[in-house]
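Here is a short report on how helices and strands are arranged in one protein chain. Look at the structure first, then read on.

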Amino acid sequence: MKSHKALILATALALMPGLSASAEDTITIGSSLGLTGYGSITDGHWRDGLSIAIDAVNEKGGVLGKKLKLVYEDNKSTPQQAVVVYRKMMSEDKAVAFDSGCISAGNFAAASFVIKAKLPMYLCSILPRLPEEQKWAFSFLPPPKFEVDARYEYLKTKTDIRKVGILGDPSPYGTIMRNIAVAEAKNFGIDVVANESYQQDDADFSVQIGRINAAGAGAIIMIGQGNAIITTANNIKQLGLNKLLLLASINERDLVLAAGKILGEQFMFPAPLIQVAQDDPSVITNPTTRAAADAFFKRMKAKYGDIDPAQSSRAWDSLMMMAKAMEMAKSTDGEKVRDAMEKIGHYDGAGASYDFSADQHVGVIKNPYAMAHIVNGKIAFKK
């Protein structure tokens, strides 16, 4: 019996160096994602984009001779749970960097202790509020102003509508965008005559829409994602407001297709190039962008099918740029990766073009949006 136990112990000890080497040959990237709650759709696609990007990098040999490993945790779309999962990935999974989803409040809540550990944060969300936190964070989210400006520019140049109503959710990102929408309107000669709120789980917005219409608005500037867009479109239809335009936020492909089917030419939304290119690849004319988009679409469709590419393509870009920064730094040390990221320069990705620098941690500096509508069941730019 003793000899049998000794044999087992000897075998276990012999295996330990191999296990240690295996761990040392892996670079762990953490991701805090709202896979349940109001952020589940967008953050689910962010996860998908990271997954296929890591597969692509690993098939080419990984980074610094090591394979990338993605560890993600569900923050349930709440800041409290985000703090829990960030701490878990730091202490247990030994993540060397984070590439997290679109729940701004969750990323804000964790930023203070993540930067104390000198770990870079690549984010789908807006940057944390404090300057010392912003030094360690890189946002792949186009500034909210761009999405607002695309809608106002369309109204100013393509219509005679000068009165609008805002219909928005109370999320941190939604609140920021609503404030921008109110402030920016005057720069386009537009008057905000109503400013209404809704909750994500509300089943009917008829009262808010009725007030917007009674105030004389010719269009609704809707701020918020998810199924609320369908509720709004249905309410406009049910109320018989056949001249009231719905200018929605960027949204998931299946949702904008459904809203377009309900409202026809009354519905439009700001779309990134990649979202329209899913139906019409010819809209991408930049060769570098086309190559990045082709590589992204090939893997996305093979693994996940015809999902919406808006979020997943920027997640792909963020991971590709993280890998590039690590290669430039010749290290996974957080401070060295951060410094290298600031030196990459202009980068044409699948989802957008980016220009990060020491003074610029919001990568998208040129408005990537143009107004789109639904034509024959497909997304197309509005002419």
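The report below covers a sheet, a helix that packs on the sheet, and a helix pair.

## The model

This is a predicted model. Keep that in mind as you read.

## The sheet

Start with the strands. 5 strands form an open sheet, and their order is β2-β1-β3-β4-β5. The pairing is parallel. At the edges sit β2 (67-74) and β5 (137-139). Each of these edge strands pairs on one side only. On average, neighbouring strands are turned by 20° against each other, with direction ignored.

Now take one pair of strands. Strand β3 (residues 97-100) and strand β4 (residues 121-123) run parallel and are joined by 3 bridges. One bridge partner can be named: S100 is matched with L123 in β4.

## A helix on the sheet

Helix α2 packs on this sheet. It touches β1 (26-33), β2, β3 and β4. The direction of α2 makes about 165° with that of β2.

## Two helices crossing

Two packed helices are described by the angle and the distance between their axes. Which values apply to α2 and α12? The axes of α2 (residues 40-59) and α12 (residues 287-304) come within 10 Å. They cross at roughly 115°, so α2 is roughly perpendicular to α12. The crossing is right-handed.

Which residues make the contact? From α2 come D48, S51, I52, D55, A56 and E59. From α12 come F296, R299, M300, K303 and Y304. The residues of this contact divide into 5 nonpolar, 1 polar and 5 charged.

How values were computed: Residues are numbered from 1 along each chain as its sequence is written. This is a predicted model: local features need pLDDT of at least 70, side-chain atom pairs count only at pLDDT 80 or more; totals for chains, interfaces and linings use all residues. Side-chain values use heavy atoms; hydrogens and water are left out. Axes are lines fitted to C-alpha atoms, for helices over the stretch in contact, and angles run from 0 to 180 degrees between N-to-C directions. Helices (H or I, at least four residues) and strands (E, at least two) are DSSP runs, numbered from the N terminus. Angles under 35 degrees count as roughly parallel, over 145 as roughly antiparallel, 65 to 115 as roughly perpendicular and the rest as oblique. A crossing is left-handed if the near helix is turned anticlockwise from the far one by less than a right angle, and right-handed if clockwise. Contact means heavy atoms within 4.5 Å. Ala, Val, Leu, Ile, Met, Phe, Trp, Tyr, Cys and Pro count as nonpolar, Asp, Glu, Lys and Arg as charged, and the others, Gly among them, as polar. Two strands pair if DSSP finds at least two bridges between them.
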